[in-house]
Amino acid sequence: MALTLRQYQIDIIDKIRALMASGEKKILVVSPTGCVAGDTLIRMNRSTSSTYRTIADEYDAQKSTKRKPHVFSKIRALSVLKLSVNLQTVHQGVVYSGVKQCITLTSKTRSLTLTPDHRVWTDRGWEKAKNMVGKLWGVDTPYKGGEPPRGTIVWEKVASIYKAGYINTYDVVGSETESFTANDIVVHNSGKTALTTKMLQTASSRGHRSWFNVHRRELLKQSSIAFTKENVDHSIVSSGFPQDDKPLVQINSIQTLMRRNKTMADPSLIVVDE
């Protein structure tokens, strides 16, 4: 599946291209983040069954060898016309985003814990979570029978916001409408994987070396799988992996990088997972 970038992502790529063309020797990018807490409920549908499960449980299920790799899931998400909620195909799935500082938002019937910059669907379009107090977020009604009909978006005012601390977070990648429902609230997916992949592709296509630095071993493997799917030649710099300096793209464990950086070739682009 070809990568689809949003306008802000295209703007970032264009900026990197311009800096490289101008002869900039080293570019540092902090990869933007947007994700939800592991206990967030999402609604999946496979063939004839559908179920609520936490996003962390869905991530664990995707790693199970019992899951056929060619069977795509569907998830409740914003419709193409953005007027209601229905099932949308997820071409990739749930990814682990690491431990992030989160906030919790509450309305009359719902609450959601997520990163401050994660975008939420409102009656006036997308808005960052940290700016949501007093605004109306869109709530899915995925119930058969009764009123309003299933899929109708009900608007509820966000009444409060508070710090939730550092939490394991996850995101959905590859939803057809770049959205999903989290605790029945319509949210955007971050698109971090697509943006990071395209940044590294842009650098290597121009003969520039680039690093992607991550904090956790699980993110090393997850990133490697994503890059392999998009034919990004890369190596992993971490204990337990053979050192290979030939690829222009390297995924680095920050802990290992601190020990080896003086022996490694300098990159032109450094992308840091926040």
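# Salt bridges, a core and a patch

Biologist: Which residue does Asp 117 form a salt bridge with?

Modeller: In this predicted model, the partner of Asp 117 is Lys 128, and their closest N and O atoms are 4.0 Å apart.

Biologist: And where do those two sit in the chain?

Modeller: Asp 117 lies in the loop between E7 and strand E8 (119-122), while Lys 128 belongs to strand E9 (residues 125-128). They are eleven residues apart, and the pair links distant parts of the chain.

Biologist: Is Asp 117 buried or exposed?

Modeller: Asp 117 is partly exposed, because its relative accessibility is 33%. Lys 128 also counts as partly exposed, at 27%.

Biologist: Which residues make up the network around that bridge?

Modeller: Asp 117, Lys 128 and Lys 130 are linked there by salt bridges.

Biologist: How many salt bridges are there by the usual rule?

Modeller: The count comes to seven. Another one joins Asp 184 and Arg 110, at 3.2 Å from N to O.

Biologist: How many residues separate Asp 184 and Arg 110?

Modeller: They are 74 residues apart, so this pair too links distant parts of the chain. Asp 184 is in the loop between strand E13 (179-182) and strand E14 (185-188), and Arg 110 is in the loop between E6 and strand E7 (111-114).

Biologist: Why does Asp 184 count as buried?

Modeller: Its relative accessibility is 7%, and buried means under 20%. Arg 110 is buried as well, with a relative accessible area of 19%.

Biologist: What about helix H1, which pair of residues meets there?

Modeller: Asp 14 and Arg 17 are both in H1 (residues 7-21), three residues apart, or about one turn of the helix. Their side chains form a salt bridge of 3.2 Å, N to O. Asp 14 is partly exposed at 38%, and Arg 17 is partly exposed at 29%.

Biologist: Changing topic: which residues touch the most other members of the largest nonpolar core?

Modeller: Trp 137, Phe 180 and Leu 269 do, in a core of 48 residues. E6 gives the most to this core, with five residues.

Biologist: Why would nonpolar side chains gather like that?

Modeller: In soluble globular proteins, nonpolar side chains tend to be buried together.

Biologist: Now the surface, which residues make a nonpolar patch there?

Modeller: Val 80, Leu 81 and Leu 83 do, and the patch is about 390 Å². Val 80 is in the loop between strand E5 (73-78) and strand E6 (85-106).

Biologist: Is Val 80 buried or exposed?

Modeller: Val 80 counts as exposed, because its relative accessibility is 65%.

Conventions. Residues numbered from 1 in each chain as written. Predicted model: local features only at pLDDT ≥ 70, side-chain atom pairs only at ≥ 80, totals over all residues. Heavy atoms only, no water. Patch = residues over 30% accessible without salt bridge, like charges linked within 9 Å, V, L, I, M, F, W, Y side chains within 5 Å. Areas by Shrake-Rupley, 256 points an atom, 1.4 Å probe, with all protein chains shown as cover. Helix = DSSP H or I, 4+ residues; strand = E, 2+ residues; numbered from the N terminus. Buried < 20%, exposed > 50% of the residue type's maximum accessible area, 1.4 Å probe, protein only. Core = buried A, V, L, I, M, F, W, Y, C linked by side-chain atoms within 4.5 Å.
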